[in-house]
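Here are my notes for you as a newcomer to this one. Have the model open while you read, and take the points in order.

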Amino acid sequence: MEYNFREIESKWISFWQANNSYQVSEDSTKEKYYILDMFPYPSGAGLHVGHPLGYIASDVLARYKKLQGYNVLHPMGYDSFGLPAEQYAIQTGQHPAVTTEENIKRYRSQLDQLGFCYDWDREVRTSSPEYYKWTQWIFKQLFDCYYNEKSDKAERISILIEEFEANGNTKIQASHDCEIEFTSIEWKSFDSEKKEAVLQNYRLAYLADSWVNWCPELGTVLANDEVINGKSERGGHPVVQKKMRQWSMRIKAYAERLLQGLGQIDWTDSLKEQQKNWIGKSVGCSVIFNIEGYDSPVEVFTTRPDTIFGVSFMVLAPEHPYVEHITTESNKKAVLNYQQAATKKSERDRQSDVKSITGENTGAFAIHPLSGEKIEIWIADYVLASYGTGAVMAVPCGDQRDYDFARHFDIPIKNIFADVDLSEAAHTDKTGILKDSAFLDGCSVPEGIKKSIETLELKGFGKGKTNYRLRDAVFSRQRYWGEPFPIYYKDELPYAVEDQNLPIELPKVDSYLPTQEGEPPLARAAKDSWNYFAGDRMEFNTMPGWAGSSWYFLRYMDPSNENEFVSKEKSEYWKQVDLYIGGAEHATGHLLYSRFWTKFLFDQGYISFEEPFHKLINQGMILGKSSFVYRIADSNTFVSKGKLQGQDTQAIHVDISLVENNKLNIEDFKKWRKEYADASFILEENGDYICGDEVEKMSKSKFNVQTPDELIQNYGADTLRLYEMFLGPIEQSKPWDTKGISGVHNFLRKCWRLYCNPEGESIVQQGQEATKAALKTLHKTIKKVTDDLDRYSLNTCVSTFMIAVNEFTEQKCKNLEVLEQFLILLAPYAPHFCEELWMKIGKEEGSLFAANFPVFNADHLVEDSFDYPISFNGKMRFKANLSLSLDRTEVQKEVENMELTKKWLDGKTPKKVIVVHGKIVNIVV
RNA sequence: GCGGAUGUGGUGAAAUUGGUAGACACGCUAGACUUAGGAUCUAGUGCCGUGAGGUGUGUGGGUUCGACUCCCUCCAUCCGCACCA
């Protein structure tokens, strides 16, 4: 019988399931290897061919490591809280848990078809109460900790309280937003409300009024990484700034460690660079400027304190709280107008309108801390309220924005750089020598920075300081389908629910919409709908999507532990993830937050490693090929691509199942949608309708989604696995095209014929000695496959398999030792296929993955002669087979005497002959 | 504007420390077989040229006996950030 993939694959999938073949447990006699896929959100659309790309890669590598003798942890689960299920609930009233359950079933059956070696006993779902109990528990730990900058780690809030009781907050070094200073006596005089309000400024998970990205359409706030160009990442809805009382995570406290940790992990440069930019460290100095006739000074941050004598004005953000106090009477009207105009402009407008220079003079003056000069104070929206102190000292000679602003408003530009021309632009390079700068005259930039900070600190007008662009992450969402907070309120003060009452389960509600008062959906829950209720009310917000995904890799190690989120013993064994595969879109979201939580859990001693993912591979996106029909404007007539000229048409996506090789199936198209039933067509000469095409992201709305189901039906999972790997390097994006799939399918069939006759009986022979040629092919393949898998070059292995099978076929190889070894090499890619043949050649059923991965033996590759390429001036002209026992001068002699050499020399004498033994001969003419 | 990545046949791509550019496939061309099929097999296939040969890895330059690979310049595409003081 021919290769019957359908029968074989369903047989082995049930075999593995029945035998629990992929169950793993901790085994101290074996070295561990933890390989992880980013778990999916189970959407209603199911898997398309792009999803499995990473899963196949991780499965190949997991099976490879297993064959090499590692104890491999390779789990899978679902990031099952999320907006789509909730939107569906709002529309239909169906509980999101029901929708989610259905979607998970579909995902699971699709995943099962592909023959993955996941240990499904370890499955986690972020939306299951057994799981989110521990998400809530970790939240509680964050709530109960602050960041001690002296010990540089998170510590319990009780330690902070002791410190407050002993010394107040004047000496403490901690990450905080506390704007007041108090002594121990004052602290003790505070009532509990006041105390808690202070503590909120220190807790790592805290409640605060903050400016948030509010998305009215989604009815919730979004984190910075969920907002792209002023629109929501999901759905593309507008986002506005709003001040709201929200839970936040003090991730800023970890900014420096998150930055430093990048040095210890093996991620791509682009990903590290993205995180680096997101953290946005800048080192400089804060400088204090007194204001004429106003009590409080303005603090500014600068990275160039060396240019302090180049300051010719100061700019505040329009929102700066001082503006209303310092503006002079005569300027009040203009300033107020400007402020109002600025608030009306959305963040997005302000960013897109970078070119036009606007601002207003407040009429107030600051006093230069070193020269004592009077400096105009302006407001302008190029200064952001949310970065630094919302104020800058403007140095037009050294900063292009300040320069442009000064030019626009005719503010004098001081030149403090020797021999620098400022007529065209500012001198923004960190080069040159300072002049007209008092004690800084003659300094280079680094010298100037050092000296200016020293002086400012000495005089009490400044302090060396490091700023980060990273903001604290807003942690609450006004939605239903997320983790409830383990928090209740008494007199509007938040209290943590006791551990024994966790999890706080999602209560039943009558609708998934906000209340009339604009409270989140959980506010609809009746008191007795909660499984636990305390105080005046429970927290109404839920946690954001990244809560559950920030620690899920830990839960896989110990998924059913009811007493701990993970036992110390198990996390000690599995440790960090060795290889993590997933999309690059999580660069500043999930991948940053999980690093943050991991560091926190490390600080608190729950785990012994500080970075969650050692090696990370971003798989490229598989793009779809969309097809288009062209409709004449305001008509129901469609024009074929070749007839478009001179027509006013509109391109419309058409379902790719209606199109073959760009040719539209007109009958099916008419049936596709009612409105097209009586469409008319302008066709090509041969009567075809030819569609346009374009490579785009796969999506339902573009009708270009290719599911794996159909391909598995036609070619089998092993073919699909091989094909997706064969497409190209894993990190690269590529358009999906099924044209090449027959190539890998034919390869499997050809390989099958190597083992079986047409009756399906094994033709592999035992007891004969393998030929030299067969051993050479085998060991060449072992070496290449091992090397390639070790550097994650999964595509080149497939070519190597093809070459091997071509060679074995040519050699008519039937040798058992050779062919059984080859099956092990191929098994990570085509597990069902190889298990079947493994059995056919007489091995124990299902024992393939207990075998040892073949080991390369260089002896089989030793040759006694080599086909030297003979090149002239670096151009290969012919080849000469020469014994490898010849040394360099002997090779040269042989080559020089050859007829072909004489022909190419054409009577000339060679200037030089380069012989690289066993590699090449190059003759320079 | 800044940062990162990538540019190789008609297509997906390979070439790991500088050493035969285009492996392996798809597609295409011709042929064989044929129960006419999306099966199998054989030969060919970077481009120009009948040929000898020339030419060729985004562009232009450099280093080298020798460059897809190293250095400089410019161009294109994709991704990220974007008034961050």
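1. Start with the make-up of the surface near RNA strand B: 19 of its residues are nonpolar, 16 are polar and 18 are charged. Keep in mind that this is a predicted model. Helix α25, residues 794–811, supplies the largest share of that surface, with six residues.

2. Which residues should you click on to find the nearest approach to RNA strand B? Go for S270, T302, T303, R401 and L727, which come nearest out of the 53 residues around the strand. On the RNA side, sugar and phosphate make up 61% of the strand B atoms that come within 4 Å of the protein.

3. Three side chains are handy for seeing how different parts of the RNA are met. For the base, look at N922, where a polar side-chain atom sits 2.7 Å from a base oxygen of RNA strand B. For the phosphate, try S282, with a polar side-chain atom 3.5 Å from a phosphate oxygen of the strand. And for the sugar or linking oxygens, E273 has a side-chain N or O atom 3.4 Å from one of them.

4. Now some backbone oddities. As a rule, most residues other than glycine have a negative phi, and most peptide bonds are trans. The bond from L502 to P503 is cis here, with omega near -5 degrees. You'll find P503 in the loop between β19 (493–496) and β20 (537–538).

5. Two non-glycine residues are worth a check for phi. K575 has a positive phi near 50 degrees and sits in the loop between α18 (568–574) and β21 (577–582). D634 also has a positive phi, about 55 degrees, and belongs to the loop between β23 (622–632) and β24 (637–639). Are these two buried or exposed? K575 is partly exposed, because its relative accessibility is 34%; D634 counts as exposed because its relative accessible area is 83%.

6. On to charge pairs. Side chains of opposite charge can pair when their charged atoms come close. Searching the whole structure turns up 39 salt bridges. One of them joins E86 and R479, at 3.3 Å from N to O. This pair links distant parts of the chain, 393 residues apart: E86 is in helix α3 (residues 83–92), while R479 is in the loop between β17 (473–474) and β18 (487–490). Both E86 and R479 are buried.

7. Another salt bridge to look up is K465 with E299, at 3.9 Å from N to O. K465 is in strand β16 (residues 462–468) and E299 in strand β11 (residues 294–302), so this contact ties together parts 166 residues apart in sequence. Both ends are partly exposed: K465 has a relative accessible area of 31%, and E299 has 32% relative accessibility.

8. Last, K599 and E610 form a salt bridge at 3.5 Å from N to O. K599 lies in helix α19 (residues 590–603) and E610 in the loop between α19 and β22 (613–618), so the parts they tie together are eleven residues apart in sequence. K599 counts as buried because its relative accessibility is 1%, whereas E610 is partly exposed at 25%. This pair isn't on its own, either: salt bridges with shared partners join R257, R595, K599, D603, E610 and E611 into one network.

Note on methods:
Residues numbered from 1 in each chain as written. Chains lettered and ligands numbered in written order. Predicted model: local features only at pLDDT ≥ 70, side-chain atom pairs only at ≥ 80, totals over all residues. Heavy atoms only, no water. Near = heavy atom within 4 Å. Polar contact = N/O pair within 3.5 Å; in protein donor to acceptor, adjacent residues only side chain to side chain. Helix = DSSP H or I, 4+ residues; strand = E, 2+ residues; numbered from the N terminus. Nonpolar A, V, L, I, M, F, W, Y, C, P; charged D, E, K, R; others polar. Buried < 20%, exposed > 50% of the residue type's maximum accessible area, 1.4 Å probe, protein only. Salt bridge = Lys/Arg side-chain N within 4 Å of Asp/Glu carboxyl O.
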